[in-house]
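This report looks at a long helix and at several charged pairs, with attention to how much of each partner is covered. Please keep the sequence and the structure in view while reading.

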Amino acid sequence: MALPVQLRGIQHHLRTAQEHEKRDPVVAYYCRLYAMQTGMKLDSKTPECRKFLVKLMDQLETMKKELAENDSISQEVVGNAHIENYALKMFLYADNEDRQGRFHKNMIKSFYSASLLLDVLSVFGELSEENIQHRKYARWKATYIHNCLKNGETPQAGPIGMEDGEEDEYGAEGFSHGASFRGGPPSDSFEEQDQSLGPGAGPEIGFGAGSGPSGPQNTNFNNIHIPPGSHAPANTPAELPPPSGGVHLTAEDFTKAQKYCKYAGSSLQYEDVDTAIENLQKALKLLTTGRE
């Protein structure tokens, strides 16, 4: 079914779902859930949009039944951890390639796909300031590196500045209207790219002409926190004080500690030991000091 033009803003999230249909059904499910929720806000009244969204809802219901035994679907906190870890792992891969000066299509796509998955985290609640910054930086980096390569220029490696407010122009909305990752020439029919939102081959990468900033500007991203992984030594010990009696823990503290432990478990599914250790250390610090 063709994607109505009013819902173009969710095109890339649906494409990401399609690409992960078999690779990671949990990612595919939450990408479609985000697309459905966002599509409802964009236009749920015109007949073609309503028909498309109803079809998407039916697909989500089917997926939810098929994945009923998966904790990432039945428990939101586990699902949140799954999507966040996947997005940050993709971000770290692209960031590491960038810092090493290895510029290629896969790293550009990884930056942009990470930004889309950080969008998807909003189905679980408001994004943290850290993830907002990761998303903004990843979107801009994807555009900046692509344009440099397209113009025969060598991109500047590693964290660099960008102009304040550029995310409004080159963020999710900007990519929907000005620049996009897509295969082949632009098409008015989403059908050519995604048959009934079903599985299919991943697209080639391409931006619309004239999209994205031409180079670094002002805002400094050197202070963005990168989770342990590509740039942190393994098994970095946490600076934890010895346990002390009488620590008062609230119900919220126990919930947070549980969340960190589940994040750690999700990380281990991807053999991401560093992120698992980081989250376990956070849980231990919270339980022994009452502070994060």
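Is Glu21 buried or exposed? Glu21 is buried, because its relative accessible area is 18% and the cut-off for burial is under 20%. The model discussed here is a predicted one, and every value should be read with that in mind.

## A covered pair between α1 and α2

The side chain of Glu21 meets that of Arg32 in a salt bridge, with N and O 2.6 Å apart. This pair links distant parts of the chain, since Arg32 belongs to helix α2 (residues 25-42) while Glu21 lies in the loop between α1 (11-19) and α2, eleven residues apart. Arg32 counts as buried as well, because its relative accessibility is 0%.

## Helix α5

Helix α5 spans residues 76-99, a run of 24 residues, and the distance from its first C-alpha to its last is 34 Å, close to the 34 Å expected at 1.5 Å a residue. The helix is mostly covered, with 18 of its 24 residues buried. Following α5 comes Gly101, whose phi is positive, near 75 degrees.

Within this helix, the side chains of Asp95 and Arg99 meet in a salt bridge of 2.6 Å, taken from N to O. Asp95 and Arg99 are four residues apart in α5, and so they are separated by about one helical turn. The partners are covered to unlike degrees: Asp95 is buried, with a relative accessible area of 1%, whereas Arg99 is partly exposed, with a relative accessible area of 36%.

## Helix α11 and the wider set of salt bridges

A further pair is found in helix α11 (residues 273-289), where Lys282 and Glu278 are four residues apart and therefore separated by about one helical turn. Lys282 forms a salt bridge with Glu278, and the closest N and O atoms of this pair are 4.0 Å apart. Here Lys282 is the partly exposed partner, at a relative accessible area of 35%, while Glu278 counts as buried at 14% relative accessibility. Elsewhere, salt bridges that share partners join Asp119, Arg135 and Arg139 into one network.

How many salt bridges does the count come to? The count comes to nine salt bridges, among them the pair of Arg32 and Glu21, the pair of Asp95 and Arg99, and the pair of Lys282 and Glu278.

Technical notes:
Residues are numbered from 1 along each chain as its sequence is written. This is a predicted model: local features need pLDDT of at least 70, side-chain atom pairs count only at pLDDT 80 or more; totals for chains, interfaces and linings use all residues. Side-chain values use heavy atoms; hydrogens and water are left out. Helices (H or I, at least four residues) and strands (E, at least two) are DSSP runs, numbered from the N terminus. The expected span of a helix is 1.5 Å times one less than its number of residues. Buried means under 20% relative accessible area, exposed over 50%, partly exposed in between (1.4 Å probe, protein chains only).
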